[in-house]
Amino acid sequence: MNAAAENFNPAIEAEDLRLTFAAADGPVRALDDVSLTVGKGDFVSFIGPSGCGKTTFLRCVAALERPTGGRLSVNGMTPDEARRERAYGYVFQSAALYPWRTIGRNVSLPLEIMGFSKAERSERVARVLELVELSGFEGRYPWQLSGGMRQRASIARALAFDADILLMDEPFGALDEIVRDHLNDQLLELWTRTGKTICFVTHSIPEAVYLSTRIVVMSPRPGRITDVIANPLPHPRPLGVRDTPEFLEVARRVRAGLRAGRDSDSADGDDGPPPADPSIRDRGVDGE
Ligand SMILES: Nc1ncnc2c1ncn2[C@@H]1O[C@H](COP(=O)(O)OP(=O)(O)OP(=O)(O)O)[C@@H](O)[C@H]1O
Ligand SMILES: [Mg+2]
């Protein structure tokens with residue numbers, strides 16, 4: 001998406017956003033001065049060490065947390081208004097499906113709550129299950145599906161009410177590399193087909209580079225944005241793009257951003273340089 005369109009038509013706008021949690025052992029600055037514009041149709045990944053505020057940022061957008069400072073708008077509304085308008089679907093890290101409901105009835109749950117008619121519900125459920133390639137599995141229970149299929153079902157549930165923003169918090173973090181590759185490929189195809197705005201949290205550098213139009217690099221203590229990298233890789237992106245020099249160059253910039261965040265964190269000087277974050281997945285980039 002070009003910069004002019006993005007400025008004209010932002011899906012999410014954060015300005016000097018802050019959130020300090022009042023924990024028992026003192027305040028935790030989970031987000032500090034976070035300013036970011038996510039344009040409509042952008043695919044933005046958030047990467048950074050554990051505890052840097054990625055989930056907190058998504059939860060603020062979804063009106064599940066209340067910022068303690070700054071401004072935040074979602075489709076030009078306050079997060080609370082956007083929530084009432086069902087402006088977004090939220091995909092949690094674990095699939096969070098009800099085991100006693102079939103896949104079809106899990107996906108239709110938000111539609112039931114919103115009062116859609118039975119006919120409308122079944123039409124929508126069939127459509128989104130087809131989008132995530134789960135047609136024919138409506139009648140199965142979550143425990144009869146593989147982990148990757150359950151994640152796809154939870155994506156279908158987030159898509160069911162056709163919100164134009166998708167908030168995805170490490171949706172593929174628990175899956176093996178092969179399943180993850182396949183779901184990355186499918187997600188990119190879904191994004192291309194639907195033009196949705198996606199905010200995607202990940203710990204994987206290759207995943208962030210493969211999927212995104214922009215990559216937001218964050219650092220902890222307090223949670224800040226240290227770099228926003230525009231991804232110059234063209235679409236379509238076959239999985240093989242990950243072996244190209246252009247891809248490796250973007251990955252290198254993400255890694256440098258993560259390192260800079262770590263160094264500035266230690267320069268703030270509370271308890272010495274933190275170790276490399278073991279949760280950041282760099283495999284396939286260094287060829288380790
Ligand atoms: N409800 C809460 N009360 C107090 N502190 C909290 C609360 N929720 C989050 N935090 C703190 O805020 C910081 C940011 O947490 P957050 O969950 O956003 O991190 P994250 O970047 O998503 O980490 P991870 O990669 O491990 O999921 C952490 O230090 C965390 O301990
Ligand atoms: Mg998190």
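This report walks through a helix pair, one glycine and the surroundings of a ligand in a predicted model.

## How H4 and H6 pack

Let's start with two helices. Packed helices in general are described by the angle between their axes and the distance between those axes. Here the pair is H4, covering residues 103-113, and H6, covering residues 147-159. Their axes come within 7 Å and cross at roughly 30°. Angles under 35 degrees count as roughly parallel, so H4 is roughly parallel to H6. As for handedness, H4 passes H6 in a right-handed crossing.

Which residues do the touching? On the H4 side they are Ile103, Asn106, Val107 and Pro110. H6 brings Ala153, Ala156 and Arg157. Sorted by class, that contact has five nonpolar residues, one polar and one charged.

## What's tucked away in H4

H4 has a set of buried residues: Ile103, Gly104, Asn106, Val107, Ser108 and Leu111. What lies over them? The cover includes H6 and another helix, H5, which spans 118-131.

After H4 comes Gly115. The phi of Gly115 is positive, near 80°.

## A look at Gly147

Gly147 sits in helix H6. Is Gly147 buried, exposed or partly exposed? A residue needs 20 or more neighbouring C-beta atoms within 10 Å to be buried, and 12 or fewer to be exposed. Gly147 has 14 C-beta neighbours inside 10 Å, so it counts as partly exposed.

If you skip the neighbours within four places in sequence, Gly147 is in contact with Ala174 and Leu175. Try finding Ser94 too: Gly147 and Ser94 are 53 residues apart in sequence, and their C-alpha atoms are 9.4 Å apart in space.

## Around ligand 1

Now for the ligand. The residues around ligand 1 include a run you can follow along the chain: Ser50, Gly51, Cys52, Gly53, Lys54, Thr55 and Thr56. Joining them are Phe21, Ala23, Val28, Ala30 and Gly223. By class, this shell divides into five nonpolar residues, six polar and one charged.

Where do these residues come from? Strand E1 (10-23), strand E2 (26-39) and helix H2 (54-61) each supply at least two residues of the shell. H2 gives the most, with three residues.

Terms used: Residues are numbered from 1 along each chain as its sequence is written. Chains are lettered from A and ligands numbered from 1 in the order in which they are written. This is a predicted model: local features need pLDDT of at least 70, side-chain atom pairs count only at pLDDT 80 or more; totals for chains, interfaces and linings use all residues. Axes are lines fitted to C-alpha atoms, for helices over the stretch in contact, and angles run from 0 to 180 degrees between N-to-C directions. Helices (H or I, at least four residues) and strands (E, at least two) are DSSP runs, numbered from the N terminus. Angles under 35 degrees count as roughly parallel, over 145 as roughly antiparallel, 65 to 115 as roughly perpendicular and the rest as oblique. A crossing is left-handed if the near helix is turned anticlockwise from the far one by less than a right angle, and right-handed if clockwise. Two residues are in contact if their C-beta atoms, placed from the backbone, lie within 7 Å. Ala, Val, Leu, Ile, Met, Phe, Trp, Tyr, Cys and Pro count as nonpolar, Asp, Glu, Lys and Arg as charged, and the others, Gly among them, as polar. A residue is near a molecule or strand if its C-beta atom, placed from the backbone, lies within 6 Å of it.
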